[in-house]
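I opened my notebook to look up a few packing details. Here are my entries, in the order I made them.

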Amino acid sequence: MNYPVINDCPVCHHELHVTKLECSHCHTTIENRFHLSNWHSFSDEQMHFIETFILSRGSIKEVEKKLGISYPTVRGKLDDIIRIMTGEGEETERQPSKISTERKADILEKLENNEITAEEAIQLMKNI
């Protein structure tokens with residue numbers, strides 16, 4: 001069974017690195033530190049957003065309608081994707097900023113849609 005590549009350590013949330021490749025036919029194994037493309041850095045949610053954005057031909061209004069999210073949320077998600085693609089804001093020790101930013105945007109969107117109270121939003125933000 002094949003599993004998707006995960007990017008962040010489930011324990012400390014720092015970046016994981018690919019260090020081993022294996023041939024599925026002859027089982028030759030190569031160990032080193034390998035670089036994955038930026039596309040592997042995106043979460044499933046971000047990939048869904050990218051697909052929706054592309055299929056909407058870059059129309060933010062269309063993305064808003066298809067995903068049921070606000071303009072600021074679309075812009076925030078787009079900014080996060082651009083940051084990942086350009087490497088802006090990367091530090092030597094990566095913090096879980098990608099995950100945190102997504103969670104914060106989701107919390108703010110729920111607050112905006114009156115799905116949670118301000119107190120619940122504050123508590124959720126503290127837990128990130």
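**Notes on helix 1 and the core**

I began with spacing: Phe49 and Phe53 lie 4 residues apart in helix 1, so about one helical turn separates them. Helices here are DSSP runs of H or I with at least four residues, numbered from the N terminus.

A reminder to myself: this is a predicted model, where local features need pLDDT of at least 70 and side-chain atom pairs pLDDT 80 or more, while totals for chains, interfaces and linings use all residues. Residues are numbered from 1 along each chain as its sequence is written, and side-chain values use heavy atoms, without hydrogens and water.

Next I searched the whole structure for aromatic pairs (ring centres of Phe, Tyr or the six-membered ring of Trp within 6.5 Å) and found 1. Phe49 and Phe53 have ring centres 6.1 Å apart and planes at 20°, so I logged them as stacked (under 30 degrees).

Then I checked burial. Phe49 has 3% relative accessibility, so it counts as buried (under 20%, 1.4 Å probe, protein chains only).

I also looked up the largest nonpolar core (buried Ala, Val, Leu, Ile, Met, Phe, Trp, Tyr and Cys residues joined through side-chain atoms within 4.5 Å). The core has 10 residues, among them Phe42, Phe49, Ile60 and Ile84. Helix 1 (44–55), helix 2 (60–67) and helix 3 (71–86) each supply at least two of them. Helix 3 gives the most, with 4 residues.

Last came the contact (heavy atoms within 4.5 Å) between helix 1 and helix 2. Helix 1 brings His48, Phe49, Thr52, Phe53 and Leu55, and helix 2 brings Ile60, Val63, Lys66 and Leu67.

Note on methods: Buried < 20%, exposed > 50% of the residue type's maximum accessible area, 1.4 Å probe, protein only. Helix = DSSP H or I, 4+ residues; strand = E, 2+ residues; numbered from the N terminus. Phe/Tyr/Trp six-rings, centres within 6.5 Å; stacked < 30°, edge-to-face > 60°.
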